[in-house]
Amino acid sequence: MSPLTIDRIKKAKGSVKVVPLTLSEGTSVQQYAIQVLENGAWVNVFVNPDRSLCEQAVRKATSQVILG
């Protein structure tokens, strides 16, 4: 994950969520997205098939906000 993505998560100040993405019919790969609320709309900033990796990235970004 890029430092710019982590910065966007930090700037969201808690308006962040990890959601499953709806893929087209017939695909078996599940994707998860980190979304942040920007200008009144939820925007995908990171997509990965591993939900725990997405959640870990959010925790990392939020802990950096708290710690400095």
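This text walks through a helix and two buried residues of a predicted model.

We begin with helix α1, which covers residues 3-11 and in which Thr5, Ile6 and Ile9 are buried. Seen down the axis of α1, these buried residues fall within an arc of 100 degrees, so they line one face of the helix. On the other side of α1 the picture is reversed, for Pro3, Leu4 and Lys11 are exposed there. Just after the helix comes lysine 13, whose phi is positive, at about 50 degrees.

Further along the chain, glutamine 31 sits in the loop that lies between β1 (16-20) and β2 (32-38). Is this loop residue buried or exposed? Glutamine 31 counts as buried, because its relative accessibility is 18% and the cut-off for buried is under 20%. Although glutamine 31 and leucine 21 are 10 residues apart along the chain, their C-alpha atoms are separated by 5.5 Å. Leaving out residues up to four places away in sequence, glutamine 31 touches Val19, Pro20, Leu21, Leu23, Val47, Asn48 and Pro49.

One of these contacts, Asn48, leads us to strand β3, which spans residues 41-48 and contains this asparagine. Asparagine 48 has a relative accessible area of 16% and is therefore buried. A polar atom of the asparagine 48 side chain lies 2.8 Å from the backbone nitrogen of aspartate 50. When neighbours within four places in sequence are set aside, asparagine 48 is in contact with Gln31, Tyr32, Leu53 and Cys54, and Gln31 in this list brings us back to the loop between β1 and β2.

Note on methods. Residues are numbered from 1 along each chain as its sequence is written. This is a predicted model: local features need pLDDT of at least 70, side-chain atom pairs count only at pLDDT 80 or more; totals for chains, interfaces and linings use all residues. Side-chain values use heavy atoms; hydrogens and water are left out. Buried means under 20% relative accessible area, exposed over 50%, partly exposed in between (1.4 Å probe, protein chains only). Helices (H or I, at least four residues) and strands (E, at least two) are DSSP runs, numbered from the N terminus. The arc is that of the directions from the helix axis to the C-beta atoms. Contact means heavy atoms within 4.5 Å. A polar contact is a pair of N or O atoms within 3.5 Å; within protein, one must be able to donate a hydrogen and the other to accept it, and residues adjacent in sequence count only if both atoms are side-chain atoms.
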